[in-house]
Amino acid sequence: MDGTRFPDRPADLVLLGPPGAGKGTQARILQDRFGLVQLSTGDLLREAVAAGTPAGLAAREVMASGGLVSDEIVVAILSDRLATSDTAAGAIFDGFPRTAVQARALDALLAERGRGIVAAISLEVDDAAMVARITGRSTCAGCGEGYHDDFKRPASPGVCDRCGGTAFTRRADDAAETVAARLSAYHAQTAPLIDHYAGQGLLSRIDAMAPIDEVAAAMAAVVETALA
Ligand code: ADP
Ligand code: AMP
């Protein structure tokens, strides 16, 4: 890693890919490297569920079943988050947009701020590998760093590399039974956005079956080009 490179103008990136493709893992790496802010609608919704807000109460069952939460709720939650000042230098949209309606809403929200998407990166993976990726996932309760039982273990067992925390959580919707529903929602509603961004000349496809550091290097190259 060669330090953080802050872009000269706001740089907004969209990460596309099915659940388990590595969007969150790569977003955190890009966040450190380019000084952008990871904006995960999954994380925002889980916070809303935990806080028991009206949006969280409405989203809880849908999330548990692996379906998509309504565009109205997700766009509102994303819009609120985008209004906070830490996102002014640019954001990495992780798990958003997931529908055509959300893609249009994102364009409008960014345009209001004189911004626009500079790159959309599709993490390309085999569906068959996603069950193992998702069911082996855990997250540091202290700082949110993601781990995997086989593919990304902490250097010191049971201790987070990033913050030294020792408590790890697993998502309730990361059960094997829910993965099929989540993948099918992705293919039906989100995968068409790949063509949408390709049509705008913004799309890069990256082989996300490769190891995490190789994917990160390929992504950094795309972002460097987009910022040039
Ligand atoms: P997403 O945000 O797309 O749902 P994550 O970034 O949470 O996916 O990754 C899912 C799981 O797979 C995590 O446990 C992560 O550590 C692991 N993982 C991510 N990228 C890779 C990769 N390239 N190879 C192997 N495992 C990976
Ligand atoms: P994720 O953390 O991205 O895997 O998302 C977890 C769950 O939150 C998904 O299975 C959906 O139920 C919901 N969710 C997250 N982002 C969105 C979105 N952009 N649109 C609709 N539902 C979403």
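**Exercise 1.** In which helix is the place of Gln26? Establish also whether Gln26 is buried or exposed, and which residues it touches beyond its neighbours in sequence.

*Solution.* The structure is a predicted model, and the steps below should be read with that in mind. Step one is to locate the residue: Gln26 has its place in helix α1. Step two concerns accessibility, where Gln26 has a relative accessible area of 3% and therefore counts as buried, the cut-off being under 20%. Step three lists the contacts: with residues up to four places away in sequence left out, Gln26 touches Ile212, Val215, Ala216 and Met219. Of these, Val215, Ala216 and Met219 are among the buried residues of α9, and α1 is among the elements that cover the buried residues of that helix.

**Exercise 2.** Compare the expected span of helix α9 with the distance between its end C-alpha atoms, and then work out how its buried residues are arranged around the axis.

*Solution.* Helix α9 comprises residues 212–227, and at 1.5 Å a residue its 16 residues should span 22 Å; the end C-alpha atoms are 22 Å apart, which agrees with that expectation. The next step is to list the buried residues, which are Val215, Ala216, Met219, Ala220, Val222, Val223, Ala226 and Leu227. They cover an arc of only 165° around the axis, so they lie on the same side of α9. The background is that an α-helix has 3.6 residues a turn, so residues three or four places apart point the same way. On the face turned away from the buried side, α9 carries the exposed residues Asp213 and Thr225. As a last step, the cover over the buried residues of α9 includes β1, α1, β4 (117–124) and β8 (203–207).

**Exercise 3.** Carry out the corresponding analysis for helix α2, and state which residue follows the helix.

*Solution.* In helix α2, which runs over residues 41–51, the residues Thr41, Gly42, Leu44, Leu45 and Ala48 are buried. Because they cover an arc of only 165° around the axis, they are placed on the same side of α2. The exposed residues Glu47, Ala50 and Ala51 sit on the face of α2 turned away from its buried side. Among the elements that cover the buried residues of α2 are β2, α3 (54–65), α4 (71–82) and β3. After α2 comes Gly52, whose phi is positive, near 70°.

**Exercise 4.** Determine how β1 is enclosed, and with which strands β1 and β3 pair.

*Solution.* Begin with burial: five of the five residues of β1 are buried, so β1 is largely enclosed by the rest of the structure. Both of its faces are covered, with Asp12, Val14 and Leu16 buried on one side and Leu13 and Leu15 buried on the other. In strand β3 (residues 91–94), Ala91 and Phe93 point one way while Ile92 and Asp94 point the other way, and all are buried. The general rule is that in a regular strand the side chains alternate between the two faces of the sheet.

Pairing is the second step. Strand β1 (residues 12–16) pairs with β3 in the parallel sense over three bridges, with Val14 opposite Phe93 and Leu13 opposite Ile92. Strand β1 also pairs with β4 in the parallel sense, over five bridges, and there Asp12 stands opposite Ile117. Strand β2 (residues 37–40) pairs with β3 in the parallel sense over four bridges, where Ser40 faces Asp94.

**Exercise 5.** Classify the geometry of the aromatic pair formed by Tyr147 and Phe168, and describe the surroundings of its two members.

*Solution.* The structure holds one aromatic pair. The ring centres of Tyr147 and Phe168 are 5.6 Å apart and the planes lie at 75°, so the pair is edge-to-face, since the angle is over the cut-off of 60 degrees. Tyr147 lies in strand β6 (residues 146–148) and Phe168 in strand β7 (residues 168–169), so the pair ties together parts that are 21 residues apart in sequence. As to accessibility, Tyr147 is buried at a relative accessible area of 5%, whereas Phe168 is partly exposed at 28%. Finally, Lys152 lies over the face of Tyr147, at 5.1 Å from the ring centre.

Definitions and conventions. Residues are numbered from 1 along each chain as its sequence is written. Chains are lettered from A and ligands numbered from 1 in the order in which they are written. This is a predicted model: local features need pLDDT of at least 70, side-chain atom pairs count only at pLDDT 80 or more; totals for chains, interfaces and linings use all residues. Side-chain values use heavy atoms; hydrogens and water are left out. Buried means under 20% relative accessible area, exposed over 50%, partly exposed in between (1.4 Å probe, protein chains only). Helices (H or I, at least four residues) and strands (E, at least two) are DSSP runs, numbered from the N terminus. Two strands pair if DSSP finds at least two bridges between them. The expected span of a helix is 1.5 Å times one less than its number of residues. The arc is that of the directions from the helix axis to the C-beta atoms. Contact means heavy atoms within 4.5 Å. Rings of Phe, Tyr and Trp (its six-membered ring) pair if their centres lie within 6.5 Å; planes under 30 degrees apart count as stacked, over 60 as edge-to-face and the rest as tilted. A charge sits over a ring if NZ of Lys or CZ of Arg is within 6 Å of the ring centre and within 35 degrees of the ring normal.
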